[in-house]
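The report below reads one protein model piece by piece, starting with the terms it needs. Please keep the sequence and the 3D view side by side while reading.

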Amino acid sequence: MTNEDILRQGIKGFGIEVSDQVISDLKTYREILVDWNQKMNLTGIEEEKEVFIKHFLDSISAVSNGYIKDGISLIDVGTGAGFPGLPLKICLQNIKLTLLDSLNKRINFLQEVSSTVNLKDVEFIHGRAEDFGKNSDYREQYDVATARAVAGLPILMEFCVPFVKVGGYFVCLKGPNANLELEESKAAMDVLGIEFVEKIDIELPNEELKHNILVFKKIKNTPEKYPRKAGKPAKSPIK
Ligand SMILES: C[S@@+](CC[C@H](N)C(=O)[O-])C[C@H]1O[C@@H](n2cnc3c(N)ncnc32)[C@H](O)[C@@H]1O
């Protein structure tokens, strides 16, 4: 199977129609990623097949069970080189996407990819989740918040949940320790106003490591006190 076949079939396996344009846009994304990675640290992997599976298919797997779909508003917190937000947007072009990261160089990269592949309705924010989660233009404005590889779960909840509307979802991509992290996050869930919905096991082609998606539903408004000031959630996670 060619790398392109792996990508195409993988996306179809998550229930998404794949046009030639989507494949071509993802290939362009990888080329810009490899190019900019020579000048700044964006990713540890560059090889085409690895990027397709570990970055693109892993990101797109977040559509599983339908919480992320065309037309919703989504904020990707600590998006780095755009994962999972940007591959999701390339596949589902009517998502209203906000990409947030505290490193400005990464934001410049994301703008370059988005304009090259002609994405509409993407907002780029250079800043910390703790600051923007207090800003009324962003607070409780999103159908879904996502995050991958940003922080331990209780910290991540404090970063992400303030952005989600009541009735919306926090969809979090996690590795093999998801169950343990979930156990450690009970207090944060209570305080921030979410309930656990489900853990989805994800299988990716040629991948031995288990990936999980944890889904939480927002059931009440997050108290004004949260998120606490920048640095505080990581220093003393809610317990
Ligand atoms: C390990 S990278 C992961 C990037 C991407 N989500 C991925 O899966 O490849 C973590 C990213 O989170 C960002 N980050 C960490 N803490 C943050 C915060 N409090 N607010 C915003 N971004 C943050 C970092 O700048 C970095 O780009």
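Two residues are in contact, or touch, if their C-beta atoms, placed from the backbone, lie within 7 Å. This is a predicted model, in which local features need pLDDT of at least 70 and side-chain atom pairs count only at pLDDT 80 or more, while totals for chains, interfaces and linings use all residues. Residues are numbered from 1 along each chain as its sequence is written.

**The ligand and its shell**

A residue is near a molecule if its C-beta atom, placed from the backbone, lies within 6 Å of it. The ligand is surrounded by 17 residues, and the closest are Gly78, Gly80, Ser102, Ala129 and Arg148. Sorted by type, the shell holds eight nonpolar, four polar and five charged residues; here Ala, Val, Leu, Ile, Met, Phe, Trp, Tyr, Cys and Pro count as nonpolar, Asp, Glu, Lys and Arg as charged, and the others, Gly among them, as polar. Strand β2 (96-101) and helix α6 (129-132) each supply at least two residues of this shell, where helices (H or I, at least four residues) and strands (E, at least two) are DSSP runs, numbered from the N terminus.

An unreviewed UniProt entry carries the annotation "binding site" for Gly78, Phe83, Ala129, Glu130 and Arg148; UniProt positions are given in the numbering used here, feature names are shortened, and annotations may be inferred rather than shown by experiment. Of these, Gly78 lies in the loop between β1 and α4, and Gly78 touches Asp101, Ala129, Ala147 and Val150, leaving aside residues up to four places away in sequence. Glu130 belongs to helix α6, and the contacts of Glu130, again not counting residues up to four places away in sequence, are Phe159, Pro227, Arg228, Lys229, Ala230 and Pro233.

**Buried and exposed places**

A residue is buried if 20 or more other C-beta atoms lie within 10 Å of its own, exposed if 12 or fewer, and partly exposed in between, with the C-beta atoms placed from the backbone. The table applies this rule to several residues.

| Residue | Other C-beta atoms within 10 Å | Class |
|---|---|---|
| Ala62 | 27 C-beta atoms | Ala62 buried |
| Gly78 | 22 C-beta atoms | Gly78 buried |
| Glu130 | 20 C-beta atoms | Glu130 buried |
| Asp121 | 13 C-beta atoms | Asp121 partly exposed |
| Asn118 | 9 C-beta atoms | Asn118 exposed |
| Gln38 | 8 C-beta atoms | Gln38 exposed |

Ala62 is found in the loop between α3 (48-60) and β1 (73-77). Not counting residues up to four places away in sequence, Ala62 touches Ile68, Pro84, Leu88, Thr146, Val171, Leu173 and Ile213. One of these partners, Ile213, is 151 residues from Ala62 in sequence, yet their C-alpha atoms are 6.9 Å apart in space. Gln38, by contrast, sits in the loop between α2 and α3, and from C-alpha to C-alpha it is 30 Å from Gln9, with their positions 29 residues apart in sequence.

**Two helices**

In helix α2 (residues 20-37), the buried residues are Val22, Asp25, Leu26, Tyr29, Arg30 and Leu33. Because they cover an arc of only 140° around the axis, they lie on the same side of α2; the arc is that of the directions from the helix axis to the C-beta atoms. An α-helix has 3.6 residues a turn, so residues three or four places apart point the same way. On the other side of α2, Asp20 and Gln21 are exposed. The cover over the buried residues of α2 includes α1 (3-13), α3, α4 (85-91) and α5 (104-116).

Helix α7 (residues 153-160) is mostly covered, since eight of its eight residues are buried, and among them are Leu153, Glu158 and Cys160.

**Backbone details**

Most residues other than glycine have a negative phi, and most peptide bonds are trans. A cis peptide bond, with omega about 5°, joins Phe83 and Pro84, and Pro84 is placed in the loop between β1 and α4. The peptide bond from Tyr226 to Pro227 is also cis, with omega near 0°, and Pro227 lies in the loop between β7 (211-218) and α10 (232-235).

Positive phi values occur in Asn118, near 65°, and in Asp121, near 60°. Asn118 lies in the loop between α5 and β3 (122-126), and the place of Asp121 is likewise in the loop between α5 and β3.
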